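Take a moment to look over the sequence and the structure below. Then read on for a short tour, one part at a time.

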Amino acid sequence: MNAVRELRWCEQMGARDDLHDVTTLRSMAENLKADWERLGFDGIYPSAEDLLRDSFRQHAYQRRLQFDLVRSNPQLCGFNITGTVDQGLTGEGLWTFWREWKAGIVDVLCDGWAPLRWCLFAEPVHGYAGRPVKLEAVLANEDALAPGEYPVQF
């Protein structure tokens, strides 16, 4: 959750400083700033907000992996996304506290719920030149493709 941006939205909307959400967001942003300085994150990211935007990209990656894992397993019939919005200031949602889509998540949802999609896996996840990698592709099909044989190329 991008506490810095959420706090700025509260300020822009004129939210009172004594509201629970505002005080919590301020505390989160201040703690992030303190950790940022204490841990020397400025050598990795230009700003705390850049780190938080990268966190949104990681969130989308993890959601895509979740779709791959669930959709490739014929023993599972579905799953539940527990939060659509960052309610309770948890950061678990697809939308931010101020109802903005998190970066990349709409594409992940459209692809993840497509009736026909490839679920792709690589082992190991990180590859190096000259080292073997095992690839697995599972076709998730919700009656979009009739039974039969279909040629596939990778």
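## The largest pocket

In this predicted model, the lining of the largest pocket has six nonpolar residues and two charged ones, with no polar residues. You can find them by name: Tyr61, Arg64, Leu65, Asp68, Leu120, Phe121, Ala122 and Val125 line this pocket. The space inside comes to about 190 Å³.

Which element gives the most to the lining of the largest pocket? That is helix H3, with four residues. Strand E1 (116-123) also takes part, since H3 and E1 each supply at least two residues of the lining.

## Helix H3

Helix H3 covers residues 48-71. Here is a check you can follow yourself: at 1.5 Å a residue, its 24 residues should span 34 Å, and the C-alpha atoms at its ends are 35 Å apart, so the two values agree.

Where are the buried residues of H3? They are Ala48, Leu52, Phe56, His59, Ala60, Arg63, Phe67, Asp68, Val70 and Arg71. As you look at that list, keep a general rule in mind: an α-helix has 3.6 residues a turn, so residues three or four places apart point the same way. The cover over the buried residues of H3 includes helix H1 (3-12), H2, helix H4 (105-112), E1 and strand E2 (134-141). Asp68 is worth a second look, as it is listed among the buried residues of H3 and also lines the largest pocket.

## A closer look at Arg63

Arg63 lies in H3. Is this residue buried or exposed? Its relative accessibility is 11%, and because buried means under 20%, Arg63 counts as buried.

What does Arg63 touch, leaving out residues up to four places away in sequence? Its contacts are Ile81, Gly83, Glu92, Gly93, Leu94, Ile105 and Val108. Take Val108 as one example: Arg63 and Val108 are 45 residues apart along the chain, while 7.1 Å separates their C-alpha atoms.

## Thr24 in helix H2

Now move to helix H2, which runs over residues 20-39 and holds Thr24. Thr24 has a relative accessible area of 21%, so it is partly exposed. A polar atom of the Thr24 side chain lies 2.8 Å from the backbone oxygen of His20.

For a pair set further along the chain, try Thr24 and Glu100: they are 76 residues apart in sequence, and their C-alpha atoms are 19 Å apart in space.

Technical notes: Residues numbered from 1 in each chain as written. Predicted model: local features only at pLDDT ≥ 70, side-chain atom pairs only at ≥ 80, totals over all residues. Heavy atoms only, no water. Buried < 20%, exposed > 50% of the residue type's maximum accessible area, 1.4 Å probe, protein only. Polar contact = N/O pair within 3.5 Å; in protein donor to acceptor, adjacent residues only side chain to side chain. Contact = heavy atoms within 4.5 Å. 1 Å grid on protein atoms, 1.4 Å probe; cavity = no way out; pocket = protein on both sides within 12 Å on 5 of 7 lines; lining within 4 Å. Points joined across faces, edges and corners; volume = space filled by probe spheres on them. Nonpolar A, V, L, I, M, F, W, Y, C, P; charged D, E, K, R; others polar. Expected span 1.5 Å × (residues − 1).
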